[in-house]
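Q: I am a first-year student, and I would like a close look at one part of this model. Could you start with a single residue and then lead me outwards from there?

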Amino acid sequence: MPARRLLAQDDQIARERSDYIAWLETAPNSPFAAVAQQPIGRDLRLGPADADVPLEGVVEHRLTANGGRIALEGPDGTRPVPRALPLRLGRYTLVVDGPASGPVLTVFRNGGASARNHRVEYYPVDRSMVFTGRLLETEAPRKVRILGADGIEVEAIEAGSVSLPLGERPVRLQVRRLPMGGDESELEIFFRDSTNGSETYPAGRFVALVPTPDGRYRLDFNLARNPFCAYSTAYPCPAPWEGNKVPMPIRAGERYRP
Amino acid sequence: MRAAGLALLTAAALARAPSPSPAGPWRAVLDLAGGTLPFRMEVQRAGAGWRGALCNGTLCQPLSGVRVAGDSVIFEIADYAATIAAAMRGDSLAGFYRNVGNRGPRTIPFRASRGRWPSTPGAARLMGRWDATFFQELGTSPRVIELRNGRAGLEGTLISNSGDYGHFAGAVKGDSFSLSHFDGSFVYLITGVQRGDTLRGLFHAGLRTQTPFEAVRSTGAPHLKAPTEVTGADTTTPFRFSARDLDGRLVTERDPRFEGKVVLLDVFGTWCPTCHDAAPVLAALYRRYHARGLEMVGLAYEVTGDTAIDAKQVRRYRDKFQLPFPLLLAGINDVEAAGATLPQLHGFTSFPTSVFLGRDGKVRLVHAGFYGPATGPQHERLIREFEGEIEKLLTEREARSR
């Protein structure tokens, strides 16, 4: 980028949206079902009303982190806790994720996602809100610690920026590479625009930069998503990325009604 | 009469329930953001149901299940909690590969049509060992690309400081080449163009991650860090480990079976494809040198951390490779977490890692990663190096005790 506008592929947008909604409505680790999220530190007490994480109907358990090794101690003994995979505890599901140096517990209510007490709403597809172009690389990229959409702190890399022909002057947005495990990562933009707070989520939205076969990138605001803090107060909201404010409304992608 | 005959025909046609058969080979692709990753699927009748395999070139691995319902086919890859679900229309399949993600579903479009990919051998000038440099935001990192022609045309592998990425099946078109590896979880594609003695291209991981690379023909000088220089160790005191075996018994370095023996400690996971490459080699070394004083022990770092589930996986792994030495459940498959359980290793990075202990129980050599059969001559050389190290350690004490 500077990018030119590209005709959106409506069916692909519809498919990605429905796939995401299906995940939100059925996955055991769906943010719809999240009830608590907390860094583990050395340990966390779970269960009773005065515990670090009170859980209805769960007797006292202790979650401990020792050199990246997580264990759950309860009346029936101690069991190791797998990373990034769901573990059931009574009527809840626990997921421990994040870096080994700072693991984070997220608690989900079983069946909480299927209650469909949330609605994900999108603006109608706007074909003018899809861009393709180059990534303008940063001269000296640094590592930055930021929160991902799921509220978990990760070490991201400054990947560069994109320049978009929005309004009268081009708008430049920072792009960061967020780790996804293994060799995989995602180029993401966390941006704010003038619809935040009235039509869209106040904290801003995430949108991914998708590589195309010719070495350029596609940015489709129709696929802009809320951070998970929009669905559950269990999640902390990522802080806005400096400078990533579009001085006009982006009426595309996910909406928000409090 | 005519009307009745027609009605009968229709009923017969309906009764035959025209659910199309998925049997046979399928030319399949995953549509990544930066290109298509080709692989093959093979489906066969198995009793009343179906079974299938996922293949990269000549290398196939069984799917855990194939289900057909109406015009939809579901391929299950239980090891990785993944599925490929597709709709069958005549001779084509279209759908998605999916597994669980934490920030949304990990979904990649999938297509297939009946038949096999044509075998395309590469030109002689493309074959051999290439020293590659991967360009990432924070700097460059070295890889080696090995290319050769096999029974199914171009094939090869990709090697990093911590081992190889497994077997890649290739295709060639003019000066362009591609190599792919899809095992149900890891999604890797290398695409590139050859210009004289330089290869330029992209390494694709998963749906959207692309890393540009450039490679030059290897001069034979080492391009990667030697596997024995990746991980350091405390060599002054005997190496300590402690974990339960598959029957729940605690095993430590003080177990009598290790006393005065040369010990090869295999840090592995059943989820790690390179570990599967290493297992038969370790079993052969054990059989060859056990009588002369070699012991082995495997420390498994597994996915779930649930003892019952992990023990089952490790038992299956032990039986598959007929491993004659104890396998212990040591922890979960996180490099940092595993490193923390073995504090005498410094800079633990790779599964598998082989730790060679002398008869005094102290670390003599730490070999990070493993070159699998996909690496050809490197694999052969690694076996010779392991044999050499074992021979040396076995004679150390034999010489001293004389």
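Leaving aside its neighbours within four places in sequence, which residues is Ser180(B) in contact with?

A: Happy to help! This is a predicted model, in which local features need pLDDT of at least 70 and side-chain atom pairs count only at pLDDT 80 or more, while totals for chains, interfaces and linings use all residues. Residues are numbered from 1 along each chain as its sequence is written, chains are lettered from A and ligands numbered from 1 in the order in which they are written, and side-chain values use heavy atoms, with hydrogens and water left out.

Now to your residue. Leaving aside the neighbours within four places in sequence, Ser180(B) is in contact with Leu37(B), Pro38(B), Asn56(B), His167(B), Phe168(B), Ala169(B), Tyr188(B) and Leu189(B). Contact here means heavy atoms within 4.5 Å. At 2% relative accessibility, Ser180(B) counts as buried; buried means under 20% relative accessible area, exposed means over 50%, and partly exposed is in between, with a 1.4 Å probe and protein chains only. A polar atom of the Ser180(B) side chain lies 2.9 Å from the backbone oxygen of Pro38(B).

Ser180(B) sits in strand β15 of chain B. Strands (E, at least two residues) and helices (H or I, at least four) are DSSP runs, numbered from the N terminus. Strand β15 (residues 176-182) of chain B runs antiparallel to strand β16 (residues 187-195) of chain B, and 7 bridges join them. Two strands pair if DSSP finds at least two bridges between them. One of these bridges links Phe182(B) to its partner Val187(B) in β16(B). The two strands form a hairpin with 4 residues between them, and Gly184(B) in the turn has a positive phi of about 100°.

Follow the chain onwards and there is another hairpin. β16(B) is joined by 8 bridges to strand β17 (residues 198-205) of chain B, and these two also run antiparallel. Here Val193(B) stands opposite Arg200(B) in β17(B). This hairpin has 2 residues between its strands, and Gly196(B) takes a positive phi near 60°.

For a residue to set beside Ser180(B), look at chain A. Arg205(A) lies in strand β16 of chain A and, at 0% relative accessibility, counts as buried. The Arg205(A) side chain makes a polar contact with the side chain of Asp193(A) at 3.1 Å, and reaches the backbone oxygen of Glu254(A) at 3.0 Å. A polar contact is a pair of N or O atoms within 3.5 Å; within protein, one must be able to donate a hydrogen and the other to accept it, and residues adjacent in sequence count only if both atoms are side-chain atoms.

Next come the charged pairs. A salt bridge is a side-chain nitrogen of Lys or Arg within 4 Å of a carboxyl oxygen of Asp or Glu, and the count over all chains is 42. In one of them, Asp50(A) and Arg45(A) have their closest N and O atoms 3.2 Å apart. Asp50(A) is exposed at 58% relative accessibility, whereas Arg45(A) is partly exposed at 24%. In chain B, Glu385(B) and Arg381(B) meet in a salt bridge of 3.6 Å, N to O. Because they are 4 residues apart in helix α5 (residues 377-401) of chain B, Glu385(B) and Arg381(B) are separated by about one helical turn.

Finally, see where the chains meet. 45 residues of chain A are in contact with 34 residues of chain B. The area buried between chain A and chain B is about 3,300 Å², with carbon and sulfur atoms giving 50% of it. Buried area is the accessible area (1.4 Å probe) that two parts lose on being put together, summed over both. Across this interface there are 5 salt bridges, among them the one between Glu16(A) and Arg208(B), at 3.6 Å, N to O. There are also 8 residue pairs in polar contact between chain A and chain B, both residues at pLDDT 80 or more. On the side of chain A that touches chain B, the elements that give two or more residues are α1 (10-26), β9 (92-97), β13, β14 (171-179), β15 (185-193) and β16 (205-211) of chain A. Among these, α1(A) gives the most, with 5 residues.
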